[in-house]
Amino acid sequence: MNEARPRTNGFQPIRGSSGFGIRINGGTGRVPLIRRDFLAKGGSSTAAALPGAKSSAPASALTGEVSKYRWWILLGLITAAIMEVLDTTIVNVALPQMAGNLGATFQEIAWVSTGYILSNVVVLPMTAFLAARYGRKRYLGFSILLFITASFFCGTSHTLIELVFWRITQGAGGAALLSTAQATLRQIFPTEQQGIVQAIFLMGVIVAPTLGPTLGGWITDNYTWNWCFFINIPIGIASFFLVTSFLEDSVQASKEGSIDWLGIGLLAVGLGSLQYVLEEGQKNDWFQDATILKLTIFSLVTIGVLLWWEMSPRNTHPVVNFRILKNPALSSSIFLFVALGFGLYGGVYLFPLFAQTILGLTPTKTGLVLLPGGLATAASALICGRLLNGKKALVDPRILIVIGIGIFMVSMLDLSHLTILSGEDDTRLALLIRGSGLGFLFTPINQIAYASIERHEAQQASGLINLARQLGGSFGIAILGTYLTTRTNTHYAQLVSYTYPSNHLFTDRVNALSADFQTHGFSAVDAKHKALEAISQGFGVQASTMSYNDGFFLILIIFALTAPAIFLLRKPKSTVVPVDAH
């Protein structure tokens with residue numbers, strides 16, 4: 001029994017051994033078949049079925065690899081990213097307890113953080129190469145397992161050397177949890193969903209550093225520092241299951257070509273030396289230390305040679321494709337990400353110091369003060385994601401960036417006027433404003449950066465973007481740490497200059513304090529010494545407070561200087577990406 005074949009507008013669908021096609025009714029002409037192997041590679045049925053037809057989608061869109069399991073993959077990737085970013089700040093609160101348990105000095109225990117960041121920074125630019133070489137599914141799965149394993153052994157470490165080794169291993173595994181994960185989201189979600197998807201992902205990346213001190217303080221106050229690492233294990237297992245169960249390898253992955261061993265070597269020693277200088281420079285008085293000076297020169301020369309080699313025509317398979325930086329929108333976005341890293345990590349570095357040394361707050365209390373700002377970041381990031389979502393964004397992302405910079409600068413101006421009498425209420429509003437500004441910055445800049453590149457360039461761009469944010473944070477902490485020390489000494493010298501006998505305010509203060517100490521049993525001579533000591537301590541607190549204000553104002557200046565880069569950004573074009581679920 002023959003079934004009637006469906007007819008639609010004079011066209012008759014047919015099926016052949018190698019694919020599908022259509023026959024024009026009433027004639028013998030037939031449009032060539034769409035081959036199955038073409039569709040399996042992510043081809044566009046429209047472009048293949050109609051020879052000579054022009055698609056409105058860009059070439060990158062025609063190799064769509066949009067996954068029907070993309071929301072499950074997003075859950076797995078954002079879980080892994082939060083775990084990785086959280087681990088960079090949660091440990092800092094527990095360092096004093098680690099030092100006591102392991103018998104290490106404060107400078108020695110600092111390598112628990114330094115080792116992690118060193119390996120993370122070195123591996124970040126190589127994530128695109130590793131994902132292409134071994135497949136993103138395999139590389140992400142291996143990285144998550146490596147991170148979980150290293151977390152377990154960090155928690156069971158009994159010596160400092162053992163702990164630092166596993167932290168270095170953990171940092172290497174954590175690189176893919178940011179860079180490769182973000183690029184994967186760019187590839188498996190259609191363009192019209194990128195706004196909200198990237199906002200959700202960035203929400204976790206931005207909020208996690210704020211939550212770190214709170215969670216770390218609570219763990220160290222109620223349990224032991226080991227649980228700062230053990231907490232990663234169940235989270236990592238859930239992430240590993242989601243990623244390996246639903247994610248497929250990219251159709252653009254290539255395992256062919258030689259390995260750029262020279263580039264990998266230059267990258268490792270160049271970035272490793274630079275990161276070491278940024279981490280240890282302040283402790284060793286910067287260029288007064290011979291090791292820091294030599295490593296600075298060595299890192300600059302090595303990075304210069306790296307840039308030359310990676311862009312050389314003789315290097316046919318560079319480990320890092322710096323050629324994509326010829327895209328002005330991407331290079332400007334990366335420049336802005338350096339400033340954002342400076343502001344994000346610099347603020348998280350400055351405020352806890354101010355809160356604990358000047359206001360006398362505990363680490364847990366400090367984290368709770370920072371928490372509302374993190375929630376404000378999440379809210380503003382989602383708002384931006386919604387405005388930028390869809391086939392056509394509701395707002396030009398460049399406008400959102402201008403608004404974000406303005407909001408962030410207002411918060412820095414507010415934080416640069418703190419006093420020793422400031423309380424939680426005085427700082428909470430400024431931190432809320434700061435958090436809102438960060439959300440208005442990360443999401444639209446990220447949107448513009450990825451919209452300006454082809455899908456096959458997403459992995460390379462993601463590695464450079466995350467490296468820029470990480471290096472911006474490292475530069476920020478290094479510069480702000482040195483700046484605080486310098487400005488504290490300057491302010492203290494200025495205050496001391498007013499302590500002369502003809503200054504009646506000074507002599508009246510000394511006499512009043514001396515009289516008070518004498519009522520507590522001190523002799524006249526001892527009471528005067530105690531009075532001068534108390535005034536000196538007061539000067540120290542005032543000088544430190546003014547230096548923190550200067551630090552927040554420096555962040556404001558950095559943002560003002562980088563703001564002109566906005567004019568180099570381009571408005572993303574509205575693009576419809578065909579969904580090719582697999």
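In this predicted model, the side chains of Arg487 and Asp550 meet in a salt bridge, with 3.0 Å from N to O. Side chains of opposite charge can pair when their charged atoms come close. Arg487 belongs to helix H20, which covers residues 458-496. Asp550 belongs to helix H22, which covers residues 524-562. The two partners are 63 residues apart in sequence, so the salt bridge ties together distant parts of the chain. Their surroundings were also classified. Arg487 is partly exposed, at 24% relative accessibility. Asp550 has a value of 19% and counts as buried, because the cut-off for buried is under 20%.

The count of salt bridges comes to two. Asp396 and Arg398 form a salt bridge as well. Here the closest N and O atoms are 2.8 Å apart. Asp396 is buried, with a relative accessibility of 14%. Arg398 is partly exposed, at 28%. In both salt bridges, then, an Asp pairs with an Arg.

Aromatic side chains were examined next. A search of the whole structure gives 16 aromatic pairs. A pair of aromatic rings is described by the distance of the centres and the angle of the planes. One of the pairs joins Trp71 and Phe189. Their ring centres lie 4.9 Å apart, and the planes make an angle of 75°. This arrangement is edge-to-face, because the angle is over 60 degrees. Trp71 sits in helix H4, residues 70-102. Phe189 sits in the loop between helix H10 (179-188) and helix H11 (194-222). The pair therefore ties together parts that are 118 residues apart in sequence. Trp71 is partly exposed, with a relative accessible area of 42%. Phe189 is buried, and its relative accessible area is 0%.

Trp111 and Tyr276 make another aromatic pair. The centres are 5.7 Å apart, with 35° between the planes, and the pair is tilted. Trp111 lies in helix H6, which spans residues 111-123. Tyr276 lies in helix H14, which spans residues 261-280. This pair links parts of the chain that are 165 residues apart in sequence. Trp111 is partly exposed, with 28% relative accessibility. Aromatic residues also gather in a group. Phe152, Phe153, Phe165, Trp166, Trp227 and Phe230 form one aromatic cluster.

Helix packing was then considered. Helix H8 (residues 136-155) and helix H9 (residues 160-174) have axes that come within 8 Å. The axes cross at roughly 160°. H8 and H9 are therefore roughly antiparallel, because the angle is over 145 degrees. The crossing of H8 past H9 is left-handed. From H8, the contact surface includes Ser143, Leu146, Phe147 and Ala150. Ser151, Phe153 and Cys154 of H8 also take part. They meet residues of H9 that include Leu163, Trp166, Arg167 and Thr169. Gln170, Gly173 and Gly174 of H9 take part too. Phe153 and Trp166 thus appear in this contact and in the aromatic cluster.

H9 also packs against H4. The axes of H4 and H9 come within 13 Å and cross at roughly 180°. These helices are therefore roughly antiparallel as well. Glu84, Asp87, Val91, Met98 and Leu102 are the H4 residues in the contact. Their counterparts in H9 are Leu160, Leu163, Arg167, Gln170 and Gly174.

Gln170 deserves a separate description. This residue lies in helix H9 and meets residues of both H8 and H4. Gln170 is buried, with a relative accessible area of 0%. Beyond its neighbours within four places in sequence, Gln170 contacts Asp87, Tyr116, Phe147 and Ala150. Ser151, Cys154, Phe229 and Asn232 are also in contact with Gln170.

Ile433 offers another local view. This residue is placed in helix H19, residues 424-451. Ile433 is partly exposed, at 23% relative accessibility. Ile433 touches Ile407 and Ser411, leaving out residues up to four places away in sequence. The C-alpha atoms of Ile433 and Thr377 are separated by 8.9 Å, and these residues are 56 apart along the chain.

The whole protein was summarised last. The secondary structure comprises 22 helices and three strands. The protein has 582 residues, and 52% of them are buried. Contacts between residues at least 6 apart in sequence were also analysed. Of these, 78% join residues at least 24 apart.

Methods. Residues numbered from 1 in each chain as written. Predicted model: local features only at pLDDT ≥ 70, side-chain atom pairs only at ≥ 80, totals over all residues. Heavy atoms only, no water. Phe/Tyr/Trp six-rings, centres within 6.5 Å; stacked < 30°, edge-to-face > 60°. Helix = DSSP H or I, 4+ residues; strand = E, 2+ residues; numbered from the N terminus. Buried < 20%, exposed > 50% of the residue type's maximum accessible area, 1.4 Å probe, protein only. Salt bridge = Lys/Arg side-chain N within 4 Å of Asp/Glu carboxyl O. Axes fitted to C-alpha atoms, helices over the stretch in contact; angles between N-to-C directions. Parallel < 35°, antiparallel > 145°, perpendicular 65-115°, else oblique. Left-handed = near helix turned anticlockwise from the far one by under 90°. Contact = heavy atoms within 4.5 Å.
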